Amino acid sequence: NINNPKEIVQWLKKHSNIRNENFDYVAYVDEKGNFETDINTSTNVKDREYFKEVMQKNKYTYVDNPVRSKITNKNVIHICKGIRLNGKNKGFFTATMNTEKLEVLLNSFDTNRKEVYILIANNDEIIASNTNLQAITSEFEYLHKTDYLKQKNEILNMKLESKERVH
């Protein structure tokens, strides 16, 4: 029931055992920014970019830049999906992934296949592309270490796309 956040959070907690192992926790966020997780923690995130993108700009899905988690104090990304009623987000779910797990996930891709890896910003700007996953991972790490992501606030989403080369 979308009008009962407590019921939503109880369901998340009851079903935390089905959460993908790559996620540290899953949370429900209401219209006021109240953030309640399936690991029995809570905070308020109305000041966070991902909250503004989903709730104020009404984006149905959103992946943020790496930020310091208010829950774990680790660098994480939030993968968000809105809960809509009459075309407007009334809250959203977010799965949180530690950036260390993201790096492991990126490194697990088979680089022997004929693929192109692309680091794309939310505005569809190509930040980097290469046939070598390690090169893209290095570029991401460089941008993160230089605070490019934070200072410029241009890279709002990281997607890895795989395409067969066209000869």
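In this predicted model, helix α1 spans residues 5–14, and its residues I8, V9 and L12 are buried. Seen down the axis of α1, these buried residues fall within an arc of 95 degrees, so they line one face of the helix. The opposite face, turned away from the buried side, carries K6, Q10 and K14, which are exposed. The cover over the buried residues of α1 includes strands β1 (25–30), β2 (34–37) and β7 (88–98).

One residue of this helix was examined further. I8 lies in α1 and has a relative accessible area of 11%. The cut-off for a buried residue is under 20%, so I8 counts as buried. In sequence, I8 and E36 are 28 residues apart. In space, their C-alpha atoms are 9.6 Å apart.

The protein as a whole has five helices and nine strands. Along the sequence, these elements follow the pattern α-β-β-β-α-β-β-β-β-α-β-β-α-α. The protein has 167 residues, of which 37% count as buried. Contacts between residues at least 6 apart in sequence were also surveyed. Of these contacts, 49% join residues at least 24 apart.

In soluble globular proteins, nonpolar side chains tend to be buried together. Here, the largest nonpolar core has 13 residues. Y28, I77, M97 and L102 have the most contacts inside this core. At least two core residues come from each of α1, β1, β6 (75–85), β7 and α3 (99–107). The largest share, three residues, is supplied by α1. A second core of twelve residues is separate from it, and includes F35, M55, C80 and F92.

Helix α2 covers residues 49–56. Its buried residues are Y50, F51, E53, V54 and M55. They pack against strands β1, β2, β4 (61–63), β6 and β7. Thus β1, β2 and β7 appear in the surroundings of both helices: they are among the elements covering the buried residues of α1, and they also pack against the buried residues of α2.

Two residues of strand β7 illustrate its surroundings. T96 is placed in this strand. With a relative accessible area of 0%, T96 is buried. Beyond residues up to four places away in sequence, T96 touches F23, D24, Y25, F35, V76, I77 and H78. A95 is also found in β7. At 12% relative accessibility, A95 counts as buried. Leaving aside neighbours within four places in sequence, A95 is in contact with F23, Y25, V26, I77, H78 and I79. One of these partners, V26, is 69 residues away from A95 in sequence. The C-alpha atoms of A95 and V26 are 4.4 Å apart.

Empty space inside the protein was searched next. Rolling a probe the size of a water molecule over the atoms shows where empty space is left. Across the whole structure, the search finds one cavity of 30 Å³ or more. The largest cavity holds about 40 Å³ of space. Its lining consists of Y25, F35, T43, V45, R48, Y50, S69, K70, I71 and H78. Five of the lining residues are nonpolar, three are polar and two are charged. Several of these names recur elsewhere. F35 belongs to the second core, and Y50 is a buried residue of α2. Y25 and H78 are among the contacts of T96, and both are also among the contacts of A95.

The backbone was examined last. Most residues other than glycine have a negative phi, and most peptide bonds are trans. N58 has a positive phi of about 60 degrees although it is not a glycine. This residue comes just after α2, in the loop between α2 and β4. With a relative accessible area of 24%, N58 is partly exposed. N73 also has a positive phi, near 65 degrees, and is a residue other than glycine. N73 is placed in the loop between β5 (67–68) and β6. Its relative accessibility is 51%, and N73 counts as exposed. The cut-off for an exposed residue is over 50%.

Note on methods. Residues numbered from 1 in each chain as written. Predicted model: local features only at pLDDT ≥ 70, side-chain atom pairs only at ≥ 80, totals over all residues. Heavy atoms only, no water. Buried < 20%, exposed > 50% of the residue type's maximum accessible area, 1.4 Å probe, protein only. Helix = DSSP H or I, 4+ residues; strand = E, 2+ residues; numbered from the N terminus. Arc of directions from axis to C-beta. Contact = heavy atoms within 4.5 Å. Core = buried A, V, L, I, M, F, W, Y, C linked by side-chain atoms within 4.5 Å. 1 Å grid on protein atoms, 1.4 Å probe; cavity = no way out; pocket = protein on both sides within 12 Å on 5 of 7 lines; lining within 4 Å. Points joined across faces, edges and corners; volume = space filled by probe spheres on them. Nonpolar A, V, L, I, M, F, W, Y, C, P; charged D, E, K, R; others polar.
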